[in-house]
Amino acid sequence: MLRKIVMTLALACSLGAFTAVGVLVPGTAQAEKFSKEVGKPLQVAQDAIKKKNWPAAIAEIKKADAVPTKTAFEQYTINEMLGYSLWQSGDTAGAARAYEQNLASAPAAEIPARVKTLAQLYSKAK
């Protein structure tokens, strides 16, 4: 249960609130912009996540990930959404890999909680 709360909070922090093709960055008044090629599938994925349609969400996130010219922020958001969706679908090893890719760029205050979450995911995945 605690893990679900941590993962949900991580997703909420990384996603903030979607705007058109942007995301409000937590703690700021600015919005990071997504390219249309990345933003559109992520919007569809977010709708699928709300409906708990994990296969559809994962498919759309992978479409966004296939875009060759992503910004670091876009890649970070893709990894967060993919990790959450994989975790919810039962693929703990895949979720751990996605979250691990963001570990180096996570805010310093979040790193201890993320390392703990990764340890739990890898332990469950064995």
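In which sense, left-handed or right-handed, does α2 pass α4? That was my opening note for today, and the crossing turned out to be left-handed. Before going further, I reminded myself that I am working with a predicted model.

**Entry 1: overall make-up**

I began with the inventory and found six helices and three strands in the protein. Reading from the N terminus, I wrote down the order α-β-β-β-α-α-α-α-α. I then looked up burial, and 40% of the 126 residues are buried. The exposed area of the protein is about 6900 Å², with 62% of it coming from carbon and sulfur atoms. I also checked how contacts spread along the sequence. Of those between residues at least 6 apart, 53% link residues at least 24 apart.

**Entry 2: α2 against α4**

Back to my opening pair. Helix α2 covers residues 36-50, and its axis lies 12 Å from that of α4, at an angle of about 25°. I noted the two as roughly parallel, because angles under 35 degrees are classed that way. On the α2 side I listed Val38, Leu42, Ala45, Gln46 and Ile49, and on the α4 side Glu74, Thr77, Ile78, Met81, Tyr84 and Ser85. Sorting the residues of this contact gave me seven nonpolar, three polar and one charged.

**Entry 3: a closer look at Glu74**

I stayed with Glu74, which sits in helix α4, residues 72-89. Is Glu74 buried or exposed? I put Glu74 down as buried, because its relative accessibility is 2% and the cut-off for buried is under 20%.

Which residues does Glu74 touch, leaving out those up to four places away in sequence? My list reads Lys33, Phe34, Ser35, Val38 and Thr69. I also took one C-alpha to C-alpha distance, from Glu74 to Leu42: it comes to 9.7 Å, for a sequence separation of 32 residues.

**Entry 4: α3 against α4**

Next I turned to the other pairing of α4 on my list. How do the axes of α3 and α4 cross? Helix α3 spans residues 54-65, and the two axes come within 9 Å, crossing at roughly 155°. I therefore recorded α3 and α4 as roughly antiparallel. The handedness I noted for this crossing is left-handed.

From α3, the residues taking part are Trp54, Ala57, Ile58, Ile61, Lys62, Ala64 and Asp65. They meet Gln75, Ile78, Met81, Leu82, Tyr84, Ser85, Leu86, Gln88 and Ser89 of α4. I sorted the residues of this contact into ten nonpolar, four polar and two charged. Going back over my α2 list, I saw that Ile78, Met81, Tyr84 and Ser85 of α4 are named there as well.

**Entry 5: α5 against α6**

My last stop was α5, residues 92-101, with α6, residues 111-125. Their axes come within 8 Å and cross at roughly 155°, which means α5 is roughly antiparallel to α6. The crossing of α5 past α6 is left-handed.

Which residues of α5 meet α6? I jotted down Thr92, Ala93, Ala95, Ala96, Arg97, Tyr99 and Glu100. Their partners in α6 are Arg114, Leu118, Leu121, Tyr122, Lys124 and Ala125. The residues of the contact of α5 with α6 come to eight nonpolar, one polar and four charged.

Definitions and conventions:
Residues numbered from 1 in each chain as written. Predicted model: local features only at pLDDT ≥ 70, side-chain atom pairs only at ≥ 80, totals over all residues. Heavy atoms only, no water. Axes fitted to C-alpha atoms, helices over the stretch in contact; angles between N-to-C directions. Helix = DSSP H or I, 4+ residues; strand = E, 2+ residues; numbered from the N terminus. Parallel < 35°, antiparallel > 145°, perpendicular 65-115°, else oblique. Left-handed = near helix turned anticlockwise from the far one by under 90°. Contact = heavy atoms within 4.5 Å. Nonpolar A, V, L, I, M, F, W, Y, C, P; charged D, E, K, R; others polar. Buried < 20%, exposed > 50% of the residue type's maximum accessible area, 1.4 Å probe, protein only. Areas by Shrake-Rupley, 256 points an atom, 1.4 Å probe, with all protein chains shown as cover.
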